[in-house]
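Here is a short note for a colleague who has not looked at this structure before. Please read it with the model open.

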Amino acid sequence: MRLFFLRLLTIFFLVLPSAASAQLTNVFVTNMPSVSSSSSSMFEAFEKRYHLDKESLQNQGENFNVSSQKGQAPQVLLYFSPSDPKPGTSVEARAFPEFFDGSKETLYYTWFIRRKGCDLDNEPNREKRERCDRNDDDKITVEDWKIEAMQLIAAGNFDATCSLDGNLSDEERENCARNMYRSSAPSRISPTGTKGGDRDEDGYRATFGGDSKSDKNYYCYVHDFVDGHNYEINSGETSYCEHLFPQMYRITDNGEVREAGPIGDNDDGPSKFPIEEERFWRTDPENPSTARNGNKDEANLAGLGQDVFRWSYAPEDMVGVIVEGTSMYTTKYDDSSKMIMWALPKNNCQIPEEMKGSKTVTVKGYDVSIKTVRGKTNGFSLNDCLEKNLVDPTEGGQAENLEVSLSATPEEPSAKLIPWAESGASASSLAQTGDLVTARASSSNARRGSSFTNYVWRVQASKDGTFNTRFNEENVWVDITRDLQTARNIGLAQGNGLTDLAINLNLNESDFRDPKTGTIIPGFGEYLRDDIAYLRITVNATESFNGKASQSGTASLVVKVVANKSIDVSDVDAVVNASTGLVSVRRNGTSFCAENMFQQTICPVLNQQIVGVSLDDAGSDMRDFSWTLNGEALVCTSQVSGECVDGKQGPVNFFPVSGKVGDVYIVSASASNAQTGKSFTVSRRFQIVEPDFDIISEDDEIAWPKYLGKYVNLDGSEVTDLSKTSFDGIPGGEAKLSALFRPETLGSFIVNGIKNGDTQNEMIWSINGKPFKWNDSGLSLALNGIPGDIYTVTLSGSYNQPRELRKALFDIWRISPFSSETTRFSKEIQVRLVDGNNYLGKEKTNTFFASLISSVPPFVLFSVRLFLSLGMILLITGVAFSFSLGEIFEGSKNKYQV
């Protein structure tokens with residue numbers, strides 16, 4: 001302890017003025033007779049007696065001189081989850097404040113978000129104002145960024161349009177939305193009365209430095225991270241404090257936006273949050289805590305305890321937060337006050353030198369100097385620092401209600417616009433290449449599972465993307481849920497356990513009238529701009545207990561949809577380089593997977609196949625092509641095909657199939673429009689399948705499959721069930737039979753191999769066990785018998801990938817030709833001749849049992865005939881025996897009669 005005081009006094013000697021140092025020296029000299037009267041002798045005595053080093057003491061003194069600039073000013077760290085978000089996904093930004101005197105729940109968090117294209121602008125054009133100007137002041141300022149973020153916090157998932165309330169009819173939903181912010185409208189939660197001006201009493205009064213601070217004197221400071229000093233914000237010579245919350249606004253009856261003063265103002269009297277202001281912020285006028293987090297609505301707008309901000313991510317979003325609270329610095333005033341300060345994520349806030357100053361105040365009879373910065377009008381404002389403290393969510397280092405998460409596949413779907421007409425012309429002949437988007441909802445804290453959770457789904461469409469458009473009275477997001485149901489592009493949109501919603505993106509281009517029902521079927525082409533549209537899929541999940549709602553949650557995501565862009569699939573031929581002997585490939589004009597819906601969704605392919613893919617409608621206005629296969633770059637060079645060039649990707653590509661049955665390949669193609677600059681991505685799925693084929697009749701008037709019955713689908717539609725192995729035929733006719741291979745490429749493999757003289761590929765037709773025709777996929781069968789005759793037709797053979805294509809697999813992708821094996825196949829059908837008078841000119845749909853009997857094998861019919869014959873013999877024998885017994889009985893009766 002003695003040594004501590006000596007060190008402290010020594011520091012005083014180093015830092016105090018010389019006059020004061022001399023006075024203290026005299027005191028010490030008086031009590032230390034062995035030390036000389038000079039200060040240098042005294043320090044030498046200190047050094048010797050207490051082993052003090054002069055240079056160390058000097059270093060401590062120098063640190064002490066600048067210690068006031070080395071304090072811990074309040075700071076805030078931002079973490080994002082996920083740290084690598086995809087467009088449309090929900091992102092969480094979490095703030096971690098440091099060096100505040102108080103818990104994080106008492107601090108004020110003012111979040112702000114800058115969307116793409118919404119940079120600061122005092123003279124924005126009309127389009128920019130419509131997208132970015134939140135308070136209608138014809139400028140883009142940090143105030144707009146704050147409004148965008150704080151509205152999301154205060155309104156949460158509240159649906160001011162009433163569209164997520166599945167218990168309302170269309171008319172009730174429209175009335176609900178129209179009357180949501182009318183004070184004279186009937187209350188939604190009270191059986192009597194109106195909504196009133198401020199029915200839910202959700203106003204809040206903010207105090208400087210954090211919630212419920214009781215300091216009578218408020219002193220606000222800003223820390224300059226360049227020089228390290230704290231500057232008191234002054235207006236003249238008076239300390240000046242101002243919250244950095246967004247201003248309060250209200251929407252008048254005629255739709256005008258007007259500023260209504262500061263949020264949580266400090267004037268005397270209760271704070272108000274009337275219905276006109278709730279209309280601007282899109283909060284619930286009859287719920288004091290719209291976000292359901294325990295805070296009143298106005299307290300949420302002040303950011304009280306709101307250390308988490310969630311929003312739907314769009315590319316180039318930048319987010320920031322400024323935290324207000326009481327620091328650990330004490331002021332120089334003669335009271336218990338501490339400095340009220342703000343924290344920014346990047347600590348990037350330098351005070352202009354021309355605005356710095358100082359003032360002198362008297363404290364305990366002494367003049368004290370305080371560094372100041374000019375605030376208020378034409379002075380320094382922390383708002384000037386917000387732009388420099390924006391953070392990109394992808395820079396992160398990542399970390400009550402029902403928690404609902406939502407996902408959708410595919411991530412970048414493509415749509416097909418179908419030109420239906422009122423004439424009822426079928427679009428089935430068109431390649432319906434639109435994806436089937438599946439949205440799936442899940443919850444991590446549901447107690448009773450999805451069976452006891454009611455899901456209400458909504459789909460909205462927009463041309464412009466993922467901006468928050470709640471502030472636009474003419475909302476660019478249009479609810480198309482009912483239209484999709486009418487057009488049968490989605491099914492049920494509400495129900496218990498309805499965790500999935502499937503959206504068929506083969507869409508009607510424009511409205512048309514169904515010729516059968518007279519119903520107007522809506523079109524969806526109006527929602528696309530430059531063949532791009534955005535779908536916002538929202539789900540509201542409500543878990544119930546004993547018939548009462550227990551907890552609910554809402555989630556949404558935005559899906560970018562590209563229309564009329566698809567990946568076409570082609571067969572390929574081998575091209576041999578005469579000089580090098582190497583083999584490349586090229587498309588041969590034969591298209592695959594373009595006819596039925598299943599193949600358009602998942603295109604079946606064979607192992608060891610080479611698939612040609614090309615971007616549909618890739619005209620001269622397309623550029624910047626990029627291809628991927630299962631997420632990895634797929635590059636096409638001149639070595640792969642003459643349709644490609646080195647150093648630049650084009651609209652054509654090729655990939656090899658090498659795996660096992662069931663493996664899935666996802667090919668994605670990206671490009672941009674040279675005129676509009678907009679980019680798009682489309683994908684297509686391929687799956688390796690087991691090869692198979694059927695023998696079919698090409699002329700149903702001569703030979704046709706047996707009718708087995710009908711399947712009745714859940715929607716009431718019927719599907720005819722026809723046999724694939726049993727046919728009926730007309731005597732004297734000529735049946736045209738052919739092989740239908742699955743996948744289509746299987747037939748190409750065999751036919752091309754046969755044409756090229758590859759002995760591993762062959763097709764053999766047989767009739768009643770005798771070879772009839774070879775190496776052709778079709779057969780003409782003369783039906784020269786009589787009714788009841790049966791022809792057994794068999795197609796067998798073998799196949800392998802053509803030799804040149806197997807060499808291409810090795811030359812281009814180094815896939816061994818020995819991995820391809822020759823595969824044999826065989827299938828049989830029966831054609832039974834029937835009486836032409838019973839069938840010709842009539843619908844070939846006889847009863848189920850008649851068709852069933854005609855399809856029974858002969859040995860079964862023989863067994864039935866044998867059983868019937870035995871029964872007849874027993875019947876005749878029994879009848880004859882009964883007559884014999886009758887005669888015997890009559891004779892006996894006469895013999896013994898008296």
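The numbered points below go from the whole chain to single residues.

1. Overall content. The model is predicted. The protein has 16 helices and 43 strands. Of its 898 residues, 44% are buried. About 46,800 Å² of surface is exposed, and carbon and sulfur atoms supply 50% of that area.

2. Aromatic pairs, first example. A pair of aromatic rings is described by how far apart the centres are and by the angle of the planes. The structure holds 14 such pairs. In one of them, Tyr79 and Phe96 meet edge-to-face, with 5.5 Å from centre to centre and 80° between the planes. Tyr79 belongs to strand 1 (residues 75-81) and Phe96 to strand 2 (residues 90-98), so the pair ties together parts that are 17 residues apart in sequence. Are these two rings buried or exposed? Tyr79 is partly exposed at 33% relative accessible area, and Phe96 is also partly exposed, at 35%.

3. Aromatic pairs, second example. Phe208 and Tyr218 have ring centres 5.6 Å apart and planes at 65°; planes over 60° apart count as edge-to-face, so this pair is edge-to-face. Both residues are in the loop between helix 7 (170-178) and strand 4 (221-223), ten residues apart. Phe208 has a relative accessibility of 14% and counts as buried, because the limit for buried is under 20%. Tyr218, with 28%, is partly exposed.

4. Aromatic cluster. Which residues should be viewed together as one aromatic cluster? They are Phe80, Trp111, Phe309 and Trp311.

5. Charges over rings. Two places deserve a look for a charged side chain set against an aromatic ring. The charged end of Arg814 sits over the ring of Phe810, at 4.8 Å from the ring centre. Lys827 lies over the face of Phe693, and here the distance to the ring centre is 5.4 Å.

6. Cis peptide bonds. Most peptide bonds are trans, and most residues other than glycine have a negative phi. Where, then, should a reader look for a cis bond? One joins Thr409 and Pro410, with omega of about -5°. Pro410 is in the loop between strand 14 (404-409) and strand 15 (414-418). Another cis bond runs from Arg742 to Pro743, and its omega is near -5°. Pro743 is placed in the loop between strand 38 (734-742) and helix 12 (744-755).

7. Positive phi angles. Phe99 is not a glycine, yet its phi is positive, at about 65°. Phe99 lies in the loop between strand 2 and strand 3 (108-114), and its relative accessibility of 27% makes it partly exposed. Gln608 is likewise not a glycine and has a positive phi, of about 70°. This residue is found in the loop between strand 28 (602-605) and strand 29 (610-615). Gln608 counts as buried, with a relative accessibility of 6%.

8. A sheet of three strands. Strands of a sheet pair through backbone hydrogen bonds, in a parallel or an antiparallel way. One open sheet here has three strands in the order 14-16-20, with antiparallel pairing. Which strands form its edges? Strand 14 and strand 20 (500-504) do, since each pairs on one side only. From one strand to the next, the twist averages 15°. Strand 16 (residues 436-443) is joined to strand 20 by five bridges, and the two run antiparallel. Within this pairing, Arg440 has Asp500 of strand 20 as its bridge partner. Strand 14 is also the strand before the loop that holds Pro410, so points 6 and 8 can be read together.

9. A buried loop residue. Thr252 is in the loop between strand 7 (247-251) and strand 8 (257-262). Its relative accessible area is 16%, and it is therefore buried by the under-20% limit. What does Thr252 touch beyond its neighbours within four places in sequence? Thr252 is in contact with Arg258 and Arg279.

Terms used
Residues numbered from 1 in each chain as written. Heavy atoms only, no water. Phe/Tyr/Trp six-rings, centres within 6.5 Å; stacked < 30°, edge-to-face > 60°. Helix = DSSP H or I, 4+ residues; strand = E, 2+ residues; numbered from the N terminus. Buried < 20%, exposed > 50% of the residue type's maximum accessible area, 1.4 Å probe, protein only. Lys NZ or Arg CZ within 6 Å of the ring centre and 35° of its normal. Areas by Shrake-Rupley, 256 points an atom, 1.4 Å probe, with all protein chains shown as cover. Pairing = 2+ DSSP bridges. Axes fitted to C-alpha atoms, helices over the stretch in contact; angles between N-to-C directions. Contact = heavy atoms within 4.5 Å.
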